[in-house]
Amino acid sequence: WGALYAISSNGTKNWRYLIQSTANKFQIETMPAVDCIGKTKKIYFGDDEGFIHSLTDIGSNYILNWKLDLVAQICTSCAIDNNGIIYVIQSVPAPSTLYAINPEGTVRWKYNMTLAEAGLSFSTPAIDTENNVYLFTGSDNKADPNHFHIFKVADVNGNAVLRKHTRLGDYPFIDVSSSLI
């Protein structure tokens, strides 16, 4: 159970999109991503049961564009590139998987982060001006000295291509003098 609300600038509720579920927990743990290109406002978000939802805000109501089942829990917000491709990370089970989703709601490709040795990602993908996607993964496997990773993945002709993979080692933000901050 859970809901996404559209609130007007004066604080009144425009509409509510309800998630129907049999699970006994909150279903939406992510922030919605909004694509404001063109006249319509398309909204994308994931839920705990593995669905990505696409809505169009039409003012006092919404249109459900599509609902895509990615099977496993979505704990990251979506990111949208300049071409309208939606990126989201299926967080659990490990290892995490990056999905590229076409604007009409079909899977363009997926990239399994097996190089992360069962690392999980709970961070939203970041996209640069050339539409490269950056991902951060980590694991609680303290026995592995390289258990934090950054991936740079590109969409090349509709396929995922790993451009760079960096092992960060131990959690880099513990040392406040770290140059990685």
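A residue counts as buried when its relative accessible area is under 20%, and as exposed when that area is over 50%. These cut-offs are applied here to a predicted model, in which two residues that are not glycines, Val71 and Asn131, each have a positive phi. The briefing also covers an open sheet of four strands, arranged in the order β11-β12-β13-β14 with antiparallel pairing.

**The open sheet**

- The order of the four strands is β11-β12-β13-β14, and their pairing is antiparallel; β11 (126-127) and β14 (159-167) stand at the edges with a single partner strand each, so one side of each has no neighbour in the sheet.
- Strand β12, which covers residues 133-138, is joined by six bridges to strand β13, which covers residues 148-156, and the two run antiparallel.
- Within this part of the sheet, Val133 has Val153 of β13 standing opposite.

**Positive phi at Asn131**

- Asn131, which is not a glycine, has a positive phi of about 65°, and this residue lies in the loop between β11 and β12.
- The relative accessibility of Asn131 is 13%, and because buried means under 20%, Asn131 counts as buried.

**Positive phi at Val71**

- Val71, likewise not a glycine, has a positive phi of about 80°, and its place is in the loop that lies between β6 (62-69) and β7 (79-80).
- The relative accessible area of Val71 is 67%, and because exposed means over 50%, Val71 is classed as exposed.

Terms used
Residues are numbered from 1 along each chain as its sequence is written. This is a predicted model: local features need pLDDT of at least 70, side-chain atom pairs count only at pLDDT 80 or more; totals for chains, interfaces and linings use all residues. Side-chain values use heavy atoms; hydrogens and water are left out. Two strands pair if DSSP finds at least two bridges between them. Buried means under 20% relative accessible area, exposed over 50%, partly exposed in between (1.4 Å probe, protein chains only).
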